Amino acid sequence: MQKETEIKLRVSRETLAALREHPLLKKRNKSGWERRELMNQYFDTPERDLAQAKVALRLRKDWDLPKAKLDVKKLDGECWPEQLAELDKKTLKPIFTTDFVRERAEIAWGRGKAKVVIEAALDLGHVVVGKQKEEICELELELREGEPPALLELAAELAATLALMPCDISKAERGYRLYDASSYSLSLPAPQLHAEMPLDDAFAAIMWHLLGSSQRLAEQYRFNGHWRLLQDWVDNLGELRALVGSLGQAAPRQSTSELRSALDALLEDWRPLVQAGDDDEDIRKAAPEQFTEELEDVRWGLFSLNASRWLLARTWTADRNVRGNRQGAAQLTNWLPRLLAEDAVALQLPRYQQQPEDLAEQLPRIERIQAWLHHARQVVDIPELDRLYGELNKLAQLANQPITDESLDARMHQAIAVYQNRAWKTLLRL
């Protein structure tokens, strides 16, 4: 099957109405808005066997069926997945419905010498599980003809003035999340890195992973307000920022300027709040409303879409010098130990054993080391890197704490623990 290229964007009702009349869409709308009601009943077993097998079974109200009920006799070998052959189909039952109105239009324009055709869909309705329901209010953009960058360009142009939140959760996922709150997976598959992978490819893989994870975390925190999710969201942004600043000549500063500025602005607002909220329940309780205000602004959506465009175009590779190209093509197993070694030496841990009050000034360097150890330490043949990663996490946490006699003493002892780590000593000798 051909893989769909699409973007799902969560919006408010006001934004949905504004999109319908948006000058950019009006100018390129070749079909007018076509309205259709879509009412879907999803079925599964109580144990969610179909969902776990990544299979969806639904009845749509506008289908021409003899009876408005599921006929399990129709679920034969022609359509039924082999991995569910032993499933007792009599255990299938209605789980949730997704009932919404879709307004769709064909958006087309010329991009250079190529034609672009995108189907835009404005969806408004509800996911319903028993007495629970969640609003569906989103814009879907699906590429029908043309290159994928055009899809992101259109979304980013719209997001410049309207709050659009990239959100890859499907309507079926929302239904299952209402049915069983634990069913929504926050984790995306880890990037598949290997020792011989070029630095450019490894960097892109990790960045895509972090960006996608940050979007899922934002969606789930918006949904349930669990404090740990906001902490993880900020941590993801911190890792994105650390990685962007770690490539040296492989990513010239001019090519990363806008991305760094956007990340710095988000972290400037949210990192202090999360740090303060760890010890203040009132801050934790107020944070969901503040996050809602963030999502009602254009900043988060525009950052997400522009970061996607930046990654898709590999903007950091443009206009770099010969040495930068050489670094970008270097095998990860050769480049990463050198980066870690250079930062380990520059960190000057013995100094902070004597002056622990100044340790916070080294947080950007510590975070660079942390980010690469988090995602790529398996490609480096140095003993005890797992332990070093844990010790550095403790050091970073202490560097973020307010200065007290107790915290200064803890910083000093933790700096010694890192300095005496076997992997750290190996890095200093490289």
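Trainee: Is C167 buried or exposed?
Mentor: C167 is buried, with a relative accessible area of 5%. Buried means under 20% relative accessible area, exposed over 50%, partly exposed in between, using a 1.4 Å probe and protein chains only. Keep in mind that this is a predicted model: local features need pLDDT of at least 70, side-chain atom pairs count only at pLDDT 80 or more, and totals for chains, interfaces and linings use all residues. Residues are numbered from 1 along each chain as its sequence is written, and side-chain values use heavy atoms, with hydrogens and water left out.

Trainee: Why is C167 not bonded to C137?
Mentor: Because the sulfur of C167 is 12 Å from the one in C137, its closest cysteine sulfur, and that is too far for a bond.

Trainee: And where does C137 sit, buried or exposed?
Mentor: C137 is buried too, at a relative accessible area of 2%.

Trainee: OK, how many disulfides does the whole structure have?
Mentor: Zero turn up in a search of the whole structure. To count, a pair of cysteine sulfur atoms has to be within 2.5 Å.

Trainee: New topic: which residues line the largest cavity?
Mentor: M207, L211, L240, L259, F303, A307 and L311. By type, the lining has seven nonpolar residues, no polar and no charged.

Trainee: Which helix gives the largest share of that lining?
Mentor: That's α10, with three residues. Both α6 (199-224) and α10 (299-313) supply at least two residues each. Helices here are DSSP runs of H or I, at least four residues, numbered from the N terminus.

Conventions
On a 1 Å grid over the protein atoms alone, a cavity is a set of points where a 1.4 Å probe fits but cannot get out, and a pocket is an open set with protein on both sides within 12 Å along at least five of seven lines; lining residues have an atom within 4 Å of a point. Ala, Val, Leu, Ile, Met, Phe, Trp, Tyr, Cys and Pro count as nonpolar, Asp, Glu, Lys and Arg as charged, and the others, Gly among them, as polar.
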